[in-house]
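Some labels in a structural description rest on cut-offs. The questions below ask what stands behind each label.

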Amino acid sequence: MQPVADGMPNDALIVEDDPIIALDFEDTILGFGVKTVRTAQSVAKALALIAERPPDFALLDVSLVREKSFAIAERLDALKIPYAFVTGYGAEVRLPAAFANTPRLAKPYSTEALLALLNVRR
């Protein structure tokens, strides 16, 4: 991971199946000073982007259209890249035990909560 001077990652990956939410995340994160933000709407696309160039940080929507983002989380864990799950189901969402301690961001999110996640990476 190569954070910029203020602690923000240089390159973030957003995995989100709703294009409006993905755009909102992208605009907000770029506003924080992250240099590049890439987005994917599926597990396959996200894994391809990670293979092409591993990000410094990732936000993973738990439930994509027809799949869950856990395969992406496993790949990020293997590469030791910090990430957080994003969910509209709040604390009620049940994650596999392997991800029990992974940071979560509830939708709708607050700018402050997102900023804190980016500054306190695992």
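Q: What makes Asp17 partly exposed?
A: Its relative accessible area is 22%. Buried means under 20%, exposed over 50%, and partly exposed in between, with a 1.4 Å probe and protein chains only. Asp17 therefore counts as partly exposed. This is a predicted model, in which local features need pLDDT of at least 70 and side-chain atom pairs count only at pLDDT 80 or more, while totals for chains, interfaces and linings use all residues. Residues are numbered from 1 along each chain as its sequence is written, and side-chain values use heavy atoms, with hydrogens and water left out.

Q: Which residues is Asp17 in contact with, leaving aside its neighbours within four places in sequence?
A: They are Gln41, Asp61, Ser63, Leu64 and Val65, where contact means heavy atoms within 4.5 Å. Asp17 sits in the loop between S1 and H1; helices (H or I, at least four residues) and strands (E, at least two) are DSSP runs, numbered from the N terminus. Val65 is 48 residues away along the chain, yet the two C-alpha atoms are separated by 6.4 Å. A polar atom of the Asp17 side chain lies 3.0 Å from the backbone nitrogen of Val65.

Q: Why is Glu16 called buried?
A: Glu16 has a relative accessible area of 2%, and the limit for buried is under 20%. Glu16 is also in the loop between S1 and H1.

Q: How do you know that Lys107 forms a salt bridge with Glu16?
A: The closest N and O atoms are 3.1 Å apart. A salt bridge is a side-chain nitrogen of Lys or Arg within 4 Å of a carboxyl oxygen of Asp or Glu, so the pair qualifies. Lys107 lies in the loop between S5 and H4 and Glu16 in the loop between S1 and H1, so the bridge ties together parts 91 residues apart in sequence.

Q: What makes Asp11, Arg38 and Arg53 a network?
A: Asp11 forms a salt bridge with Arg38, the closest N and O atoms being 2.8 Å apart, and another with Arg53, at 3.3 Å. Both distances are within 4 Å, and Asp11 takes part in each pair. Arg38 is in strand S2 (residues 36-40) and Asp11 in strand S1, 27 residues apart. Asp11 is buried at 6% and Arg38 is buried at 10%, whereas Arg53 is partly exposed at 37%. By the same rule the count comes to four salt bridges.

Q: How do you know that Leu114, Leu117 and Leu118 are on the same side of H4?
A: These residues of helix H4 (residues 111-119) are buried. They cover an arc of only 95 degrees around the axis, which puts them on the same side of H4; the arc is that of the directions from the helix axis to the C-beta atoms. The buried residues of H4 pack against helix H1 (19-32), S3, S4 and S5.

Q: What is the confidence over residues 1-5?
A: The pLDDT, the predictor's confidence in each residue from 0 to 100, is below 50 over residues 1-5. Where pLDDT is low, the predicted coordinates should not be read in detail. For the protein chain the mean is 88, and 89% of its residues reach 70 or more.

Notes:
Polar contact = N/O pair within 3.5 Å; in protein donor to acceptor, adjacent residues only side chain to side chain.
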